[in-house]
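User: Pick one part of this model and take me through it closely, starting from a single pairing and working outwards. I'd like one connected account rather than a list.

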Amino acid sequence: MSAPGNSVSGNGKVAVVTGASSGIGAATARSLARDGYSVVLGARRVDRIEELAQEIGGRAMYLDVTDAASVERFVATLDRVHVLVNNAGGAKGLAPISEANLEDWRWMWETNVVGTLRVTKALLPHLEASGDGLIVTITSTAALEAYDNGAGYTSAKHAQGVLHRTLRLELIGKPIRLTEICPGMVETEFSLVRFDGDAAKADAVYEGLTPMVADDIAELVSFAASRPSHVNLDQIVVRPRDQATSRRNIKTG
Ligand code: NAP
């Protein structure tokens, strides 16, 4: 049996998806597997990624992007990587700065920003060695706009976006493409996590409008990955028709 991530199937390329246990990450793992990638799924809820890996013929491995040792162990099992999807992340809380919960802010910065840095830094040698690497980072429209009560998340997503865009500059001349995807509202477990498991609060976010679904974003990852290697899709901003900005949607008028 080959080591995780080393199996060759379909197009012979390996794609790593962080946060593949739900939402956009799970949909992306499915989509890339359909495209022929051998997908390595990382997340903390191993039962979920093991089930998905079985379904798509990929490999599941425990990954906590906030834990350096976990990232090291994850990366040590890989010897080839062509595509990295930095998807692990999310929001905690929705509070004005005057009432900011510092633990929530730390969680958001550790997961979205430092987590992306850890995984990306560790996989850069493999991505370069592949001769045709791609890094997709799922930031958010929160990486482009501020909104009331959202500063913990918007500041983390802005930082994650700048990390990604700086890498685009620093890697010029190397065989690695970089695509940032900035989605607006997508109905996933995102709001459930943000509101600490309060399903009524989470559901209310999507009531009265038609949000995007995880597959809408996964299709964009597959599209970016399927461009010829001289074409770099730098940034994709995508929202539901019912949402014009983070602050203005069909409900706010
Ligand atoms: P989700 O359903 O809550 O998925 C989040 C994923 O991140 C889960 O698989 C979770 O897995 C993983 N994750 C969280 N902390 C992690 C950690 N420390 N280590 C490894 N994995 C971790 O939400 P989603 O909407 O699909 O979110 C995916 C990405 O899209 C996030 O970066 C989010 O900020 C971004 N985004 C979402 C929206 C939206 O409206 N939904 C809009 C724009 C951008 P485990 O808990 O199993 O570890």
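**From one bridge outwards**

Analyst: Let's start with Val-83, whose bridge partner in strand S5 is Leu-134. Bear in mind that this is a predicted model. That bridge belongs to the pairing of S4 with S5, which is parallel and has four bridges.

Now look at S4 itself, covering residues 83-86. Leu-84 and Asn-86 point one way from S4, while Val-83 and Val-85 point the other way. That's the usual pattern: side chains in a regular strand alternate between the two faces of the sheet. Buried or exposed, what are these four residues of S4? Val-83, Leu-84, Val-85 and Asn-86 are all buried.

S4 also has a partner in strand S1 (residues 14-18), where three bridges hold a parallel pairing. Here Val-16 is the residue to find, with Leu-84 of S4 as its bridge partner.

Back on the S5 side, Ile-135 is a good place to stop. Ile-135 sits in S5, which runs over residues 133-138. Its relative accessibility is 1%, so Ile-135 counts as buried. What does Ile-135 touch, once residues up to four places away in sequence are set aside? Two of its contacts are Leu-84 and Asn-86, the pair that points one way from S4. The rest of the contact list for Ile-135 is Thr-120, Leu-124, Leu-127, His-164, Leu-167, Ile-176, Arg-177, Leu-178 and Thr-179. A handy contrast is Ala-151: just 16 residues separate it from Ile-135 in sequence, yet their C-alpha atoms are 26 Å apart.

Zoom out and these strands fall into place in an open sheet of seven strands with parallel pairing, in the order S3-S2-S1-S4-S5-S6-S9. The edges are S3 (59-62) and S9 (235-238), each of which pairs on one side only. From one strand to the next, the twist averages 15°.

At the S9 end, S9 runs parallel to S6 (residues 176-183), and four bridges join the two. Ile-181 is the one to click on there, as it stands opposite Ile-236 in S9. Helix H5 (residues 151-170) packs on the sheet in this part, touching S5, S6 and S9. The direction of H5 makes about 155° with that of S6. Ile-135 ties in here too: its contacts His-164 and Leu-167 fall within the residue range of H5, and Ile-176, Arg-177, Leu-178 and Thr-179 fall within that of S6.

Towards the S3 end, helix H2 (residues 46-56) lies across S2 (38-43) and S3, and runs at about 170° to S2. H2 has a helical neighbour as well: H1 and H2 pack with their axes 10 Å apart, at an angle of about 20°. With the cut-off for roughly parallel at under 35 degrees, H1 and H2 are therefore roughly parallel to each other. Their crossing is right-handed. On the H1 side the contact uses Ala-26, Ala-29, Arg-30 and Ala-33, and on the H2 side Leu-52, Glu-55 and Ile-56. By class, that makes five nonpolar residues, two charged and no polar ones.

H1 (residues 23-34) has another partner in H8 (residues 214-225). The axes of H1 and H8 come within 8 Å and cross at roughly 45°. H1 and H8 are therefore oblique to each other, and this crossing is right-handed as well. H1 puts in Gly-23, Ile-24, Ala-27, Thr-28, Ser-31 and Leu-32. H8 answers with Ala-214, Asp-215, Ile-217, Ala-218, Val-221, Ser-222 and Ala-225. The class count for the contact of H1 with H8 is eight nonpolar, four polar and one charged.

Two more helical residues are worth a click. Arg-73 lies in helix H3 (residues 68-76) and is exposed, with a relative accessible area of 52%. The C-alpha atoms of Arg-73 and Tyr-62 are separated by 9.0 Å, with their positions 11 residues apart along the chain. Ser-191, in helix H6 (residues 190-194), is buried at a relative accessible area of 3%. Leaving out neighbours within four places in sequence, Ser-191 is in contact with Ala-202, Val-205 and Tyr-206.

Conventions
Residues are numbered from 1 along each chain as its sequence is written. This is a predicted model: local features need pLDDT of at least 70, side-chain atom pairs count only at pLDDT 80 or more; totals for chains, interfaces and linings use all residues. Side-chain values use heavy atoms; hydrogens and water are left out. Axes are lines fitted to C-alpha atoms, for helices over the stretch in contact, and angles run from 0 to 180 degrees between N-to-C directions. Angles under 35 degrees count as roughly parallel, over 145 as roughly antiparallel, 65 to 115 as roughly perpendicular and the rest as oblique. A crossing is left-handed if the near helix is turned anticlockwise from the far one by less than a right angle, and right-handed if clockwise. Contact means heavy atoms within 4.5 Å. Ala, Val, Leu, Ile, Met, Phe, Trp, Tyr, Cys and Pro count as nonpolar, Asp, Glu, Lys and Arg as charged, and the others, Gly among them, as polar. Buried means under 20% relative accessible area, exposed over 50%, partly exposed in between (1.4 Å probe, protein chains only). Two strands pair if DSSP finds at least two bridges between them.
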